[in-house]
Amino acid sequence: MIMPGQMRLPESSTLARHIVSTLTARNHAAYLVGGCVRDLLLGLNPKDYDVATSATPAQVATLFPDAEFVGAHFGVIIVHRQGQSVEVATFRSDHDYQDGRRPTSVTYETDPAKDALRRDFTINALFYDVQETRILDFTGGRADLDARLIRAIGDPRQRFAEDYLRMLRAIRFAARFRYEIETATLDAIRQLHAEIKGISAERIRDELNRILTEGGARHGFELLNETQLLDVLLPEVKAMQGVEQPPQFHPEGDVWTHTLMMLEGLRNPTVTQAWGVLLHDVAKPPTFTFTDRIRFNGHAELGAAMSREMLDRLRLSNDETDQVHDLVLNHMKFKDVPKMKPSTLKRFLRQPHFEEHLELHRLDCLSGSGRLDNYEFVQEKLKEITPADLRPLRLIDGDDLIALGYTQGPRFKEILTAVEDAQLEGTLNTHEAALTWVQERFPL
Ligand code: ATP
Ligand code: MG
């Protein structure tokens, strides 16, 4: 870990440093706090900066008149300047969580130690005094950074009861940094896991998305499993455990093991890429049959439908849900790729975000048979086929069909698709040839 004296503040901290010096010039205490201090000590680039101060919201507002008030009565103000935004919050202690989320009241404090105690985990409760280049550590956060531990501040059960989402936040940070969760904190999550049901789908979605995409997804899902949060949040994924697969295709083991291996292989995934990987075999448990061997007939189709239902439940956007649905639906088609007609292959390669389909396939192979033949075949084809060949300009359109005397209707689409197929096959190349071809094949 980096020593505070050696800590380098990146360019992105300009506004935060300006706010700190403006506040301290008026004799207010002001520190960088939370995730940004943690990240700086780890030598990482903070995503955003938070400032904590003894100045009241009204005093902050006087110094930064163009700032934005968010949840004004909780005293958080956002200062925006030149593409940077910094949250400035008055030191405070929280009281009486009634909805397991927002405190019903807060008290402004002048002592940063009080402000540390209302935060979730020790590694998230460090303050950095920019002028004195020293860390204020009221909860043992630096020792936990050194020990790579996520530890709740205070009594873990009480802290989770204040906001049960913190159970998922603990796992999110453990996943991202590949840390362990300290024993008492982990025990509390195990005991309280069922309470996650009271948290809104949107907040759960945001945490699961982050567990899946910020690195350490495998570790995150192992922790979700260990704490039984998985049983409550994603029972369909839990059901993968113990579902055997034919050993000739899957020497690695059951569906859960296979899925964890794929999560481990994710490289800076998008949200849809990660969910596609997680859910690609979600219908193997319900389709398991043993005939000549273990088979999962129709698991891609059923899995696509199940994915849609699950992601609707978790309130992912329609576009994200559609993409995951398609990733799951088409993941088995890669085995047919060498046999596809050129038109079928080109339509396959043209799918929106095809790179996500291909990456899912790569991970699927690497976490099973290990054979990348079809992956390499597709990569060759992608090099070979020019963009103009993949998406050629159409040879004729609906107006041409009307001019030929066809009447508008469902047949139009059928004819135009047939023309495009022939074009993708390379058998039709000109407007004139297409007109003749249509008249021969689709008599009026
Ligand atoms: P990230 O790098 O993901 O932004 P972060 O630690 O900055 O991580 P934020 O959600 O941005 O996390 O919150 C900033 C700080 O506010 C945290 O470090 C923590 O001290 C405090 N905090 C945020 N959410 C909670 C919560 N639900 N309960 C208690 N403290 C919280
Ligand atoms: Mg943050």
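**Briefing: a buried threonine, a helix pair and a loop proline**

Thr 321 counts as buried because its relative accessibility is 1%, and the cut-off for that class is under 20%. The model described here is predicted. The points below take up the surroundings of Thr 321, then the packing of helix 18 against helix 23, and finally the loop position of Pro 392.

**Thr 321**
- Thr 321 belongs to helix 17, which covers residues 318–330.
- When neighbours within four places in sequence are left aside, the residues in contact with Thr 321 are Arg 308, Leu 311, Asp 312 and Leu 316.

**Helix 18 and helix 23**
- Two packed helices are described by the angle between their axes together with the distance between those axes.
- For helix 18 (residues 342–349) and helix 23 (residues 410–425), the angle is about 100° and the axes are 8 Å apart, so helix 18 is roughly perpendicular to helix 23, a class that spans 65 to 115 degrees.
- On the side of helix 18, the contact involves Pro 342, Ser 343, Lys 346 and Arg 347, which meet Thr 417, Glu 420, Asp 421, Leu 424 and Glu 425 of helix 23.
- By residue class, this contact of helix 18 with helix 23 comprises five charged, two polar and two nonpolar residues.

**Pro 392**
- Pro 392 sits in the loop that lies between helix 21 (387–390) and helix 22 (398–403).
- Not counting residues up to four places away in sequence, Pro 392 touches Arg 350, Gln 423 and Leu 424, and Leu 424 is also one of the helix 23 residues that helix 18 meets.
- Although Pro 392 and Gln 423 are 31 residues apart in sequence, their C-alpha atoms are 8.0 Å apart in space.

Technical notes
Residues numbered from 1 in each chain as written. Chains lettered and ligands numbered in written order. Predicted model: local features only at pLDDT ≥ 70, side-chain atom pairs only at ≥ 80, totals over all residues. Heavy atoms only, no water. Helix = DSSP H or I, 4+ residues; strand = E, 2+ residues; numbered from the N terminus. Contact = heavy atoms within 4.5 Å. Buried < 20%, exposed > 50% of the residue type's maximum accessible area, 1.4 Å probe, protein only. Axes fitted to C-alpha atoms, helices over the stretch in contact; angles between N-to-C directions. Parallel < 35°, antiparallel > 145°, perpendicular 65-115°, else oblique. Nonpolar A, V, L, I, M, F, W, Y, C, P; charged D, E, K, R; others polar.
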